[in-house]
Structures are given as structure tokens and as C-alpha cells.
Amino acid sequence: MSDKYVMQIQQKLKRLGYSLGVDGIAGKETLKVFNQMVTDSGLKEVEVPKPSAGDWKDDWDHKLAGVHPNLVKVVRRASELTTTPFKVIEGVRGIERSYQLYGKGRTASQLRAKGVPTKYARPSVRKVTWLNNPLGSKHRVKSDGYGHAVDLFPAPYQWEDIEPFKEVATAMYQAASELGIDITWGGNWDNDDRWHESGEYDSPHYEI
Ligand SMILES: [Ca+2]
Ligand SMILES: [Zn+2]
């Protein structure tokens, strides 16, 4: 499978005068030429350029399918406002996935009580959702035919690194205010000035 990012590097090498095929495949030839360029440049180390923000959006049409157009607008505008690339890791959530998430940290009898098939019970893993209704998530398709939530995961893709989440949140709030659309962030449920108070730990999550 060819890769856009590899193709960009190949194009740059070609522009520098190296002869190689631009096919998006990081094969032996590309590696050889790249190493030659490093040697020629006299550098000990070469910083590989980060993929441009555009690459992060390659699967957005797919990931944002079925999400309410207002929320999609905010996400797309936020991506123009921030210098932090971010992935859309979840938009609309299906029944199967809702059950899988609800089963985490719950026993078969707890699931039975909520009408969730007991095969999804995973009592020994960490609980991830505190929903009263297993299918009540804002990620589910609502009566207007759209999902009302998205989960965004910023580069460099480290869950513990909270700063990039804050940068994306700043861009999301700014985009929402520009567009006149109300959003709620899982890192600030009560929408006050204090982020990440007790219970405000769902940093990837945004909903309308
Ligand atoms: Ca708060
Ligand atoms: Zn979410």
C-alpha cells in the first residue's frame, strides 16, 4: 500500500536531485537514497519532517459520517485554528461497541439487569463508562438521525500528555464561539473556567 507521507519525502528527495521512483512505498531504494542524502548533507542526524495536518484528516469523512453537521463544522474549523494535529477516533457509536464498552468493569448479572447480552461482561478490566442507559451515549444516533459526540486525539498521541488536549479544547471552544454553536467538553463538563476538575477526565470527548 502506498503512503502519502512517504510519497512527500520521495518527492522532496527527487527535487534535491536524487533519482528514485515516487511510489509512496518506503522500500530499499527509498531508504538507500534517503541515507545517501543524509551522508551528502554532512549531518549526523536528520529530523524527519512531521506529516502535515492534512494527513491526519484523511479518514475524517469516514470517521465523521453520521455526526451532526454543526459538530462536524466545529471540528473542521478547530482543525484550522490549532497547530496541533488531531485524529477523530470516534464519531457515531454502533450497538456492538456500546455493549463492549458497557461490559468493561461489569459482571454478567449487572449486564443482564440492563438488557445487555452477558457475553460482553469483562468484570476484571477497568470500567470506562458510567452511563445509566448502556445505549444512552451522545455518540449514539439520536432522534434527529445524527450522533451528537466525537472523540478527538491530539498528536503526539500520548494519553498522559494533557497539554495537547487543552490546545485542541481551546481551538474547539474558539471554533464553536465563532460559529455560534454550543459544545460541551469532557474535560470541563460544567463549562466553567476550571478545566479537569474532579470527574472531568474525558479529554477526547466533545458533544453538542
Ligand atoms: Ca470545570
Ligand atoms: Zn466520547
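Gly180 comes right after α8, and its phi is positive, near 70 degrees. The model is predicted. The helix that ends there, α8 (163-179), is a good place to start.

**The helix**

How far apart are the end C-alpha atoms of α8? They are 24 Å apart. The helix has 17 residues, and at 1.5 Å a residue these should span 24 Å, so the two values agree.

α8 has a buried side. Pro164, Phe165, Val168 and Ala169 are among its buried residues. Ala171, Met172, Ala175 and Ala176 are buried in α8 too. These buried residues cover an arc of only 165 degrees around the axis, which means they sit on the same side of α8. On the other side, Glu163 and Ser177 are exposed.

What covers the buried residues of α8? The cover includes α5 (69-81), together with β1, β2, β3 and β4. α8 lies across those four strands, β1, β2, β3 and β4. Its direction makes an angle of about 135 degrees with β2.

**The sheet**

The sheet is open and has 4 strands. Their order is β1-β2-β4-β3, and the pairing is antiparallel. Which strands are at the edges? They are β1 (86-90) and β3, and each pairs on one side only. In general, strands of a sheet pair through backbone hydrogen bonds, either parallel or antiparallel.

β2 has bridges to β1 and to β4. With β1 it runs antiparallel, joined by 4 bridges. Here Val88 stands opposite Leu152 in β2. With β4, β2 also runs antiparallel, joined by 3 bridges. Asp151 has His205 in β4 as its bridge partner. Is β2 mostly covered or mostly open? It is mostly covered: 5 of its 6 residues are buried.

**Backbone exceptions**

Most residues other than glycine have a negative phi, and most peptide bonds are trans. The loop between β2 (149-154) and α8 holds Pro156. Ala155 and Pro156 are joined by a cis peptide bond, with omega about 5 degrees. Tyr157 is found in the loop between β2 and α8 as well. Its phi is positive although Tyr157 is not a glycine.

Asn191 is another non-glycine residue with a positive phi. Asn191 lies in the loop between β3 (184-185) and β4 (205-207). The table gives the two phi values.

| Residue | Phi |
|---|---|
| Tyr157 | about 65 degrees |
| Asn191 | about 60 degrees |

Are Tyr157 and Asn191 buried or exposed? Tyr157 has 12 C-beta neighbours inside 10 Å, so it counts as exposed. The cut-off for exposed is 12 or fewer. Asn191 has 10 other C-beta atoms within 10 Å, and is therefore exposed.

**Back to the loop before α8**

The stretch from β2 to α8 thus brings several features together. The cis bond joins Ala155 to Pro156, and Tyr157, in the loop between β2 and α8, has the positive phi. α8 then lies across the four strands, and Gly180 follows α8.

Note on methods:
Residues are numbered from 1 along each chain as its sequence is written. Chains are lettered from A and ligands numbered from 1 in the order in which they are written. This is a predicted model: local features need pLDDT of at least 70, side-chain atom pairs count only at pLDDT 80 or more; totals for chains, interfaces and linings use all residues. Helices (H or I, at least four residues) and strands (E, at least two) are DSSP runs, numbered from the N terminus. A residue is buried if 20 or more other C-beta atoms lie within 10 Å of its own, exposed if 12 or fewer, and partly exposed in between; C-beta atoms are placed from the backbone. Two strands pair if DSSP finds at least two bridges between them. Two residues are in contact if their C-beta atoms, placed from the backbone, lie within 7 Å. Axes are lines fitted to C-alpha atoms, for helices over the stretch in contact, and angles run from 0 to 180 degrees between N-to-C directions. The expected span of a helix is 1.5 Å times one less than its number of residues. The arc is that of the directions from the helix axis to the C-beta atoms.
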